[in-house]
Amino acid sequence: MASGDKATHTQQHQAHAQSSGTSNLRDSVSKAVAQFTVDARLHAVFEQSGESGKSFDYSQSVKTTTQSVPEQQITAYLSKIQRGGHIQPFGCMVAVDESTFRVIAYSENAQEMLGLTAQSVPTLDKQEILTIGTDLRIILTPSSAVLLERAFGAREITLLNPILIHSKNSRKPFYAILHRIDVGIVIDLEPARTEDPALSIAGAVQSQKLAVRAISHLQSLPGGDIKLLCDTVVESVRELTGYDRVMVYKFHEDEHGEVVAESKRPDLEPYIGLHYPATDIPQASRFLFKQNRVRMIADCHASSVRVIQDEALMQSLCLVGSTLRGPHGCHAQYMSNMGSIASLAMAVIINSNDDEAVGGRSSMRLWGLVVCHHTSARCIPFPLRYACEFLMQAFGLQLNMELQLASQMSEKHVLRTQTLLCDMLLRDSPTGIVTQSPSIMDLVKCDGAALYYQGNYYPLGVTPTKAQIKDIVEWLLAFHGDSTGLSTDSLGDAGYPGAGSLGDAVCGMAVAYITSKDFLFWFRSHTAKEIKWGGAKHHPEDKDDGQRMHPRSSFKAFLEVVKSRSLPWDNAEMDAIHSLQLILRDSFKDAEGSNSKAVIHTPPGDLELQGIDEISSVAREMVRLIETATAPIFAVDSAGRINGWNAKVAELTGLSVEEAMGKSLVHDLIYKESEETVSLDLEKNEFLVGSVIDAVVSQVMILLRERGLQLIRDIPEEIKTLAVYGDQVRIQQVLADFLLNMVRYAPSPEGWVEIQVRPRLKQISDEITILHIEFRIVCPGEGLPPELIQDMFHSSRWVTQEGLALSMCRKILKLMNGEVQYIRESERCYFLIILELPMPRRRSRSVD
């Protein structure tokens, strides 16, 4: 919240449902860009304080300000972060031209570390030197040179890390960690301290075993408890790495962070529950964590080592992917003030929600970090850090599924509440949604809600007075009259002049316009009451030095900013409000136009017409519920023709409402006597295999828990980061349907379903590579009923609805040049699904 730039969210008339995804993405990008400016300003203040000898007042730097930052200042800040020209001294770095192995840059400590310093006693042997233009292979042992040559030919060079190589002069072993940049290949060389048994090759193997054990523990946890998942991962990481403190640090929607789990040495002060401003982890650093997911600082007091580079290079070497990249001075001082000399930070990456997907491709989001602190210098070897990254991938997947499960449960709650509210509207006056239970307060988390209807005010919970609400309505009509609603976490920042008179009780507001005179309101109080110091009791007399970058100072700065703000309204909540708004509009109009909700005496002859009106009203409410539902829903009439087709099913099938309505479900959309296959236009977009697997697994989690089944995943980690071309939505649909059917018919309780993935690369030509994937979806026992299998493979007149769906999936798979088999063995059965998808051509990658 340090930026203070939280934008007011205004829903545009008739555009919210269609463009909310774009709007949400735009808001997210805007917040990140705004935060970049604040981070750049902080960097400039710190740099100036060092040069002039002034103290650096961190608390003042994170306060809300509208001061603009010059573009060159932002450029200098980003350059300093990405191309700082320094590394940490626990290893050395060499960058080479990929085709010639010619050195284009090296760190000043490389000669000494590789044993290339001039000898005091001259020898007859030619002394190898390291300088710009040197062929790197001549300073390594012949076997090491061969290993590097092979690695340079790999498509994904990072998958081979680390490579164990030896210096030719000293024979010392090093872990070589390679990655490509715009001008060549960067090689980070970290000493492999084989004299320490814990850091030997055997120790590396043991690290992997410990990581696998930790992953198994994570996957065995009961579902529905994100706190337990976070608590377990910090214990596992601390056991694996030996750091004094391990924390899970979560980023909130407004970019600020919170420590949500912690495992620590008993004598250390707890940080659990602490909130920090967004500037504590700058946007540039967050971007880097998505490129290089594990970041170790071995000693914040150690002097950084300069990188010498070829003068012919146009700009400083990009060190974004380097494991040795030197820490920024501001961060090193912050660590020192905390009493943390060494740190290890690991990215927790999850799938973005659908609103944030770009160009049809599911993107990844930095949910937070797992951060390790140590009170003395600490350097753990790359194999152990790699094991931690492996654990983080599993944690991210598990967390992603838990978040999706929570989202699905929330959607179910919203749909249930909306249905009950609609039922009230049909049976009672519109005021029933605030006078009965459930009420509109049950739709989203809030401290108060209200209905302003025909000039009357119906408040619930913590709300403004009637006079204040009339003033708010006048302000809305004057300044937001052309909108359908508004949401803000600060009425003051939104421009409402009477915000001060509301006090801390009412800071945030979401409003939905039902008619030009009728409104629904939801209110939230200020956030400060939600934030608690989770460590030792903080006495007022125990004052921190406000000019030192210390956790308590950061915490105080955050409180100062948010005391007049509420928790922000998230996208799911705004979707729920907007959905209810659509349902209520016609209901309120009906109530106004016909006065049908009023208590009147109806003549007996009109009872039949009144009953028809009520049925018609019910039908309209059901249509609106279907149209706004987040699940795919369609309806058929008695002749089997489509007469209902909502947006979600249109998205899933690729058929618009106009194309589907009136068609026969079986003969027009599923099966044609004259055709062997379904006719569909397949999309071709680039996507990550891992995003499809995650989405498919998340769709069965609720059913698995309802049936008491365990899901066993045998999925190689490396496949998740592979990009392919294909129709992501339909591949996801097909795999999910096969998996759901196996879950439905697996023996329960205490049974299991296993999903196995076996990838293989097929090189068709120099330009074309195909990823051949075999999916096996396995369960013990008899498996699917014979009539389902008959429907799936052989029938043109289906006996079961599930068989019809499986038949459609098989034909969609065939359109994608894939195939499916159902194999029944003595004690188990499984679907074998084979897909071949083209991979993008390799191109020169730049992370700038």
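**Exercise 1.** Which residue in strand 25 does Gln-710 stand opposite?

*Solution.* Keep in mind that you're looking at a predicted model. Start with the two strands: strand 25 covers residues 752-763, and five bridges join strand 23 to it. The two run parallel. Now look across from Gln-710, and you'll find Trp-752.

**Exercise 2.** Work out the strand order of the sheet, then say why strand 23 and strand 27 each have one side without a neighbour.

*Solution.* Step one: trace the five strands of this open sheet, which go 23-25-26-28-27 with mixed pairing. Step two: check the ends. Strand 23 (710-714) and strand 27 (819-824) sit at the edges with a single partner strand each, so one side of each has no neighbour in the sheet. Step three: add the twist, which averages 15° from one strand to the next.

**Exercise 3.** Find which helices lie against these strands.

*Solution.* Take helix 21 (residues 728-745) to begin with: it packs on the sheet and touches strands 25, 26, 27 and 28. Its direction makes about 175° with that of strand 28. Then move to helix 22 (residues 786-793), which lies across strand 27 and strand 28 and runs at about 155° to strand 27.

**Exercise 4.** Name the residues with the most contacts inside the largest nonpolar core, and follow one of them outward.

*Solution.* This core has 54 residues, and the top ones are Phe-738, Met-742, Val-753, Phe-831 and Ile-833. Pick Ile-833: skipping neighbours within four places in sequence, its contacts include Leu-735, Phe-738, Phe-775 and Val-820. Elsewhere, a second, separate core of 47 residues includes Val-237 and Met-346.

Conventions
Residues numbered from 1 in each chain as written. Predicted model: local features only at pLDDT ≥ 70, side-chain atom pairs only at ≥ 80, totals over all residues. Heavy atoms only, no water. Pairing = 2+ DSSP bridges. Helix = DSSP H or I, 4+ residues; strand = E, 2+ residues; numbered from the N terminus. Axes fitted to C-alpha atoms, helices over the stretch in contact; angles between N-to-C directions. Contact = heavy atoms within 4.5 Å. Core = buried A, V, L, I, M, F, W, Y, C linked by side-chain atoms within 4.5 Å. Buried < 20%, exposed > 50% of the residue type's maximum accessible area, 1.4 Å probe, protein only.
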